[in-house]
Amino acid sequence: MKWGRRKRDVHEVTDARPSLTSDIHRREISYLIKMGIRTLCLILAVAVPVPWPYRLLFIAAAVFLPYIAVIGANERGKGTPPPTFQSPEANQTEIPLHRREIGS
């Protein structure tokens with residue numbers, strides 16, 4: 001029998017998903033940017049004298065951007081790599097990769 005330390009799996013920081021707080025912050029910023037663009041399009045469509053094709057384009061953007069902004073804000077965890085599993089057997093003493101959140 002060999003005495004000494006048991007070999008343990010090493011988990012890298014890059015395996016962890018972003019914290020819930022940073023994910024919410026990223027989605028809030030994205031939503032606010034899209035709604036700011038919508039507000040700008042609404043102002044351009046009403047207050048600035050531009051030809052009708054441009055005015056219709058600004059109105060269409062002001063109508064459809066809220067839908068796009070809400071869909072984007074509700075996409076939790078997009079842009080993060082899926083969890084990777086090193087071994088087929090589950091170790092019941094450790095937190096699963098999809099449940100790890102630092103600082104929350």
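**Note on a two-helix chain**

1. Start with the contact between the helices. From helix 1 come Arg27, Tyr31, Lys34, Met35, Ile37, Arg38, Cys41, Leu42, Leu44, Ala45 and Val46. They meet Arg55, Phe58, Ile59, Ala61, Ala62, Leu65, Pro66, Ile68, Ala69, Val70, Gly72 and Ala73 of helix 2. Sorted by class, this contact of helix 1 with helix 2 has 18 nonpolar, one polar and four charged residues. Keep in mind that the model is predicted.

2. Next, the overall layout. The chain has two helices and zero strands. Helix 1 covers residues 20-47, and helix 2 covers residues 52-73. The chain has 104 residues, of which 14% count as buried.

3. How do helix 1 and helix 2 pack, and at what angle? The angle is about 165 degrees, and the axes lie 8 Å apart. Angles over 145 degrees count as roughly antiparallel, so helix 1 and helix 2 are roughly antiparallel to each other. The crossing of helix 1 past helix 2 is left-handed.

4. Now look at contacts along the sequence. Take those in the chain with a separation of 6 or more. Of these, 69% join residues 24 or more positions apart.

5. Turn to charge pairs. Side chains of opposite charge can pair when their charged atoms come close. How many salt bridges does the structure hold? There are two.

6. One salt bridge links Asp23 and Arg26. Their closest N and O atoms are 2.8 Å apart. Asp23 and Arg26 sit three residues apart in helix 1, so about one helical turn separates them.

7. Is Asp23 buried or exposed? Its relative accessibility is 8%. The cut-off for buried is under 20%, so Asp23 counts as buried. Arg26 has a relative accessible area of 39%. That value falls between the 20% and 50% limits, so Arg26 is partly exposed.

8. The other salt bridge joins the side chains of Arg27 and Asp23, at 3.5 Å from N to O. Arg27 and Asp23 are four residues apart in helix 1, so about one helical turn lies between them. Both Arg27 and Asp23 are buried. Which residues do the shared salt bridges join into one network? They are Asp23, Arg26 and Arg27.

9. A last point ties two topics together. Arg27 pairs with Asp23 in a salt bridge. Arg27 is also among the helix 1 residues that meet helix 2.

Terms used. Residues numbered from 1 in each chain as written. Predicted model: local features only at pLDDT ≥ 70, side-chain atom pairs only at ≥ 80, totals over all residues. Heavy atoms only, no water. Salt bridge = Lys/Arg side-chain N within 4 Å of Asp/Glu carboxyl O. Buried < 20%, exposed > 50% of the residue type's maximum accessible area, 1.4 Å probe, protein only. Axes fitted to C-alpha atoms, helices over the stretch in contact; angles between N-to-C directions. Parallel < 35°, antiparallel > 145°, perpendicular 65-115°, else oblique. Left-handed = near helix turned anticlockwise from the far one by under 90°. Contact = heavy atoms within 4.5 Å. Nonpolar A, V, L, I, M, F, W, Y, C, P; charged D, E, K, R; others polar.
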